[in-house]
Amino acid sequence: MSETAQKYTHNKVLILGLDGGSPHVIRRLTEQGHMPFLKSVIEKGSFGSLQSVYPPATPPAWSTFMTGKNPGGHSVFEFSTYDGYDKPLRVVNGRSVQCQTLWSLLSRAEKRLGVVNVPMTYPPHQINGSMITGLFTPSTEQQFTYPSDLYTKLQPKLGDYIISVDWHRYPRRKIRKFLHDLSECTHQRTRYTLQLMKDDPWDFFMVVYSENDFLQHIAWSFFDPDDPRENDPAIEAEVLAYLNLLDQKMADLYETAGDDTLLLVLSDHGFGPLKRIVYINTWLAQQGYLQFESELVNRYRRTRGIRQFVRRIDPYKLRRFIPKKGNIRTDVGGFIDFSNTQAFSVLAGEQGIRINLKGREKNGTVEPGQEYESLRDAIIEQLTQLQDPATGKTIGTCVRKREEVYSGPYLEQACDIVFILDDLNYLADVLPEKDIFADANWDYGAGTHRMDGLLAACGPGIQSDAPLEGAMLQDIMPTILYALDVPIPDDVDGKVLTQLFDEKSLERRPPAYESADAPPDKISQADEFCEDDERMVIERLKGLGYIS
């Protein structure tokens, strides 16, 4: 082995991101004899829950992972940015993260990195190593790697790289085709990862398997023994076969890394059933806080009904010939008469409500100060008591002011009120439907995100059965820095999960901190998303069910 390679063979960290992985699901599967690699990690190391951020959505969660900060500290709250209802919404990307990341800190410490498919890394970062960007990558025709010629070198040998499998584009009857395509995506992602691991010595390597998230959105019923919505043993067998394939691919990566590597298997959030939808703007309108533009809303509801009917009866996709009215996600504000509105919601992913505040919004109606606070208090009280008439159940599990959830320099970008409905069994949507409640259908998926992600750890110096109660996603970044003997910025929200490490290691080398004075990361490309890039990303997010 060369001297250069020897430099990177000790104190290595491998992160396997199991997007959407839930501890209770993994525990049940491993106890049933599935996913033997993960079972071995759990048995010889530590395993437990890892609390996500709010909302437990892909962009804020992975941004928190890579920065050690809550969304108020890194500025990513949802899939889009909101800068006033009179301005267009823009899809987030790697430049939206307004602070230094794990990648830049490790690179400055001269650690060698490999990063594959981590969301919120496009455009690619200039790191000390190799990067293949994740979910928000427009296509493989764009520069999505660092170095820029990496894909050109790998593609002839490995074949086409697959960014994602957009589950929302598969009708229910095509779930077998979806599982086939998902397996191919996982196979190719692993091939590229293994090649990078073998080609270049490294101290830190990470890959995220987003496919686990996609699978649970479309097929949650097969993960949940208490969910009566699906009962097809043949498809259930194929779902389990995919999970065992995924487990084997992770085992291959760990075997390549070597058992002297510190391994963390983690997720950005968990998963659970999606039962009902709450149209939050319709609720606000019925409470007298919002006024719709009635002509536009009536026209939308007629068109929406036609499109839903055609989708149900249209095996040949003739609906593509029905004219579309534009991107509903960015047009939601057009349905609202803001001059007669006190509170509204325009981004479903935020699961929150914004106050139409004078001096902040173009047509603000609410005075700052006492009127603003009284209005928030009234909405919080009413939403906390909201009942679903179909069940009689009160669903306002947690309704909070933003400053009770977030902190940091970007707090003002957050919704004024944030909420969790029925422990996330219910999700809020912003569309101007006639009724407040509706059953979740194929458009929304069978499953959705939960706050409890997972963490499993094993390797040199890692405790067996360490207590992980209270572990949070924001703790992972400082924990990785500690494991690689890199000083931790003193402004992170997370803490080192010291319970994972043996006492002798901690006594010999306690966590070290440094002043956080570095700028945000260097990104490879100079400009923001061009219009075509953003359009491609929006179409992918629609295909993943994140945009209506």
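# A tour from Tyr85 to Asp485

Begin by selecting tyrosine 85, which has a relative accessibility of 14% and therefore counts as buried, because the limit for that class is under 20%. The model on screen is predicted. Leave Tyr85 marked; the tour returns to this residue with its aromatic partner.

**Whole chain**

Show the full cartoon. It contains 17 helices and 23 strands. Of the 548 residues in the protein, 58% are buried. Switch on the surface: its accessible area is about 22500 Å², with carbon and sulfur atoms contributing 48%. Among contacts with a separation of 6 or more, 74% are between residues 24 or more positions apart.

Now colour by pLDDT. The average is 89, and 88% of the residues reach at least 70. Residues 1-10 are below 50, and this stretch has 11 contacts in the model beyond near neighbours in sequence. Residues 309-330 also stay under 50; here the model has 35 contacts beyond four places in sequence.

**Aromatic pairs**

Next, display the Phe, Tyr and Trp side chains. How many aromatic pairs does a search of the whole structure find? The total is 21. Select phenylalanine 65 and tryptophan 103: their ring centres are 6.4 Å apart and their planes meet at 50°, so this pair is tilted. Phe65 belongs to helix H4 (residues 58-67) and Trp103 to helix H6 (residues 102-108), so the pair links distant parts of the chain, 38 residues apart. Phe65 is buried, at 0% relative accessibility. Trp103 is likewise buried, with a relative accessible area of 0%.

Return to Tyr85 and add phenylalanine 338. These two rings are stacked, with 3.6 Å from centre to centre and 10° between the planes. Again the pair joins distant parts of the chain, 253 residues apart: Tyr85 is in the loop between strand E3 (80-81) and strand E4 (90-91), and Phe338 is in the loop between helix H13 (328-331) and strand E12 (343-344). Phe338 is buried, with a relative accessible area of 7%.

Go back to Phe65 and Trp103 and add Trp62 and Phe204; the four residues form one aromatic cluster.

**Leu102 and helix H15**

From the cluster, select leucine 102, which is in helix H6. Is Leu102 buried or exposed? Leu102 is buried, at a relative accessible area of 0%. Its C-alpha atom is 8.5 Å from that of Phe65, although the two residues are 37 apart along the chain. Leaving aside residues up to four places away in sequence, Leu102 touches Phe65, Met66, Phe204, Met477, Ile480 and Leu481.

Follow Met477, Ile480 and Leu481 into helix H15, where they are among the buried residues. H15 spans residues 476-483, and eight of the eight are buried, so the helix is largely enclosed by the rest of the structure. Select tyrosine 482, another of these buried residues, together with arginine 509. Arg509 lies over the face of the Tyr482 ring, at 4.2 Å from its centre. For a lysine in a similar role, select lysine 12: it lies over the face of tryptophan 202, at 4.6 Å from the ring centre.

**Nonpolar cores**

Hide the rings and select Phe178 and Leu215. They have the most contacts inside the largest nonpolar core, which has 64 residues. Helix H10 (residues 233-257) supplies the largest share of this core, 11 residues. Beyond residues up to four places away in sequence, Phe178 touches Val165, Trp167, Tyr170, Phe214, Leu215 and Ile218. Another core lies apart from this one; it has 54 residues, including Val115, Val118, Met206 and Leu264.

**Backbone stops**

Show the backbone at tyrosine 54 and proline 55. The peptide bond joining them is cis, with omega about -5°; Pro55 lies in the loop between strand E2 (46-51) and H4. Move to tyrosine 122 and proline 123, where the bond is cis with omega near -5°. Pro123 is in the loop between strand E5 (113-118) and strand E6 (129-133).

Two stops concern positive phi. Glutamine 351 has phi near 50° and is in the loop between E12 and strand E13 (352-355). Gln351 is buried, at 6% relative accessibility. Finish at aspartate 485, which is not a glycine but has a positive phi of about 60°. Asp485 is in the loop between H15 and strand E22 (488-489). At 54% relative accessibility, Asp485 counts as exposed.

Technical notes:
Residues are numbered from 1 along each chain as its sequence is written. This is a predicted model: local features need pLDDT of at least 70, side-chain atom pairs count only at pLDDT 80 or more; totals for chains, interfaces and linings use all residues. Side-chain values use heavy atoms; hydrogens and water are left out. Rings of Phe, Tyr and Trp (its six-membered ring) pair if their centres lie within 6.5 Å; planes under 30 degrees apart count as stacked, over 60 as edge-to-face and the rest as tilted. Helices (H or I, at least four residues) and strands (E, at least two) are DSSP runs, numbered from the N terminus. Buried means under 20% relative accessible area, exposed over 50%, partly exposed in between (1.4 Å probe, protein chains only). A charge sits over a ring if NZ of Lys or CZ of Arg is within 6 Å of the ring centre and within 35 degrees of the ring normal. Contact means heavy atoms within 4.5 Å. Accessible areas come from the Shrake-Rupley method with a 1.4 Å probe; for residues, only the protein chains shown count as cover. A nonpolar core is a set of buried Ala, Val, Leu, Ile, Met, Phe, Trp, Tyr and Cys residues joined through side-chain atoms within 4.5 Å. pLDDT is the predictor's confidence in each residue, from 0 to 100.
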